[in-house]
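Thanks for sharing this one with me. I have set out my reading below as numbered points, so you can follow along with the coordinates open.

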Amino acid sequence: MRAKTKAGAVPEDARDAALVASVRSKAPRSSPIVEVAALLAECVRHDLKCIAFCKTKKLCELVLRYCREILRDTGAAHLADSVAAYRGGYAAVDRRAVEGALFGGALRGVAATNALELGVDVGNLDCTLPI
């Protein structure tokens, strides 16, 4: 049931819609890929162990690339090498090296496909980001 408004007053629904439109016009959203990459970069900056789970190999590589670009553009270029990708197309030796580096502390962030899910103890992670 709608609340009654005074004559000439703007209904609350209209004010809310105007506020939402104003916020959206000032801060438009970017693509979800860029947003996840930005979140991953922020986690890396704060020294959090984080995995961004991606649905495809291509998406995994894009998140890695954008994350590294964001780190370089925001004055944290020294952290760009602390992010890596993990996907099924890599050799088993390379995948094990990424796992070891993540849980050993050499890597702070990983953009991964579901290939990483199977043998990971997520209790050792600070954050997971699904996309």
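1. Which strands does helix 4 lie across, and at about what angle does it run to strand 2? This is a predicted model, so please read everything here in that light. In it, helix 4 crosses strand 1, strand 2 and strand 3, and its direction makes about 140° with that of strand 2.

2. Let me take the sheet next. It is open and built from four strands in the order 2-3-1-4, with parallel pairing. Strand 2 and strand 4 are the edges, each pairing on one side only. From one strand to the next, the twist averages 20°.

3. Strand 1 has parallel partners on both sides. Four bridges connect it to strand 3, and four bridges, again in the parallel sense, connect it to strand 4. If you would like to check the register, C50 has G109 of strand 3 as its bridge partner, and A52 is partnered by A111 in strand 3. Towards strand 4, A52 stands opposite L129, while F53 has P130 as its bridge partner.

4. Are the faces of strand 1 covered or uncovered? Both are covered: C50 and A52 are buried on one side, and I51 and F53 are buried on the other. Strand 4 reads otherwise, with C127 and L129 on a covered face and T128 and P130 on an uncovered one.

5. Helix 2 also packs on the sheet. It touches strand 1, strand 2, strand 3 and strand 4, and its direction is at about 170° to that of strand 4.

6. Now to helix 3, residues 57-73. Its 17 residues should span 24 Å at 1.5 Å a residue, and the end C-alpha atoms are indeed 24 Å apart. The buried residues are L59, C60, V63, L64, C67 and L71. Viewed down the axis of helix 3, these fall within an arc of 140°, so they line one face of the helix. K58 and D73 are exposed on the other side. The buried residues of helix 3 pack against helix 2, strand 1, strand 2 and strand 3.

7. The stretch after helix 3 is worth a look too. G75 follows the helix and has a positive phi, near 80°. T74 sits in the loop between helix 3 and strand 2. Is T74 buried, partly exposed or exposed? Its relative accessibility is 46%, and because partly exposed covers the range between 20% and 50%, T74 counts as partly exposed. T74 is 33 residues from A41 in sequence, and their C-alpha atoms are 9.6 Å apart.

8. Back to helix 4, this time for its own geometry. The helix covers residues 92-104, 13 in number, and reaches 18 Å between its first and last C-alpha atoms, close to the 18 Å expected at 1.5 Å a residue. Buried here are R95, V98, E99 and L102. These cover an arc of only 100° around the axis, which puts them on the same side of helix 4. The face turned away from that buried side carries V93 and G104, both exposed. The buried residues pack against strand 1 (50-53), strand 2 (83-86) and strand 3 (109-112). After helix 4 comes G105, with a positive phi near 100°.

9. Which residues touch the most other members of the largest nonpolar core? That core has 22 residues, and the ones in question are L40, V63, C67, L71, V83 and L129. Helix 2 (32-45), strand 1, helix 3, strand 2 and strand 4 (127-130) each give two or more residues to this core. Apart from it lies another core of twelve residues, including F53, L102, A112 and L116.

10. A last point, on L71, which is buried in helix 3. Leaving out residues up to four places away in sequence, L71 touches A41, V44, R45, A76, A77, L79, A80 and V83. One of these contacts, V83, is listed with L71 among the residues that touch the most other members of the largest nonpolar core.

Notes:
Residues are numbered from 1 along each chain as its sequence is written. This is a predicted model: local features need pLDDT of at least 70, side-chain atom pairs count only at pLDDT 80 or more; totals for chains, interfaces and linings use all residues. Side-chain values use heavy atoms; hydrogens and water are left out. The expected span of a helix is 1.5 Å times one less than its number of residues. Buried means under 20% relative accessible area, exposed over 50%, partly exposed in between (1.4 Å probe, protein chains only). The arc is that of the directions from the helix axis to the C-beta atoms. Contact means heavy atoms within 4.5 Å. A nonpolar core is a set of buried Ala, Val, Leu, Ile, Met, Phe, Trp, Tyr and Cys residues joined through side-chain atoms within 4.5 Å. Two strands pair if DSSP finds at least two bridges between them. Axes are lines fitted to C-alpha atoms, for helices over the stretch in contact, and angles run from 0 to 180 degrees between N-to-C directions.
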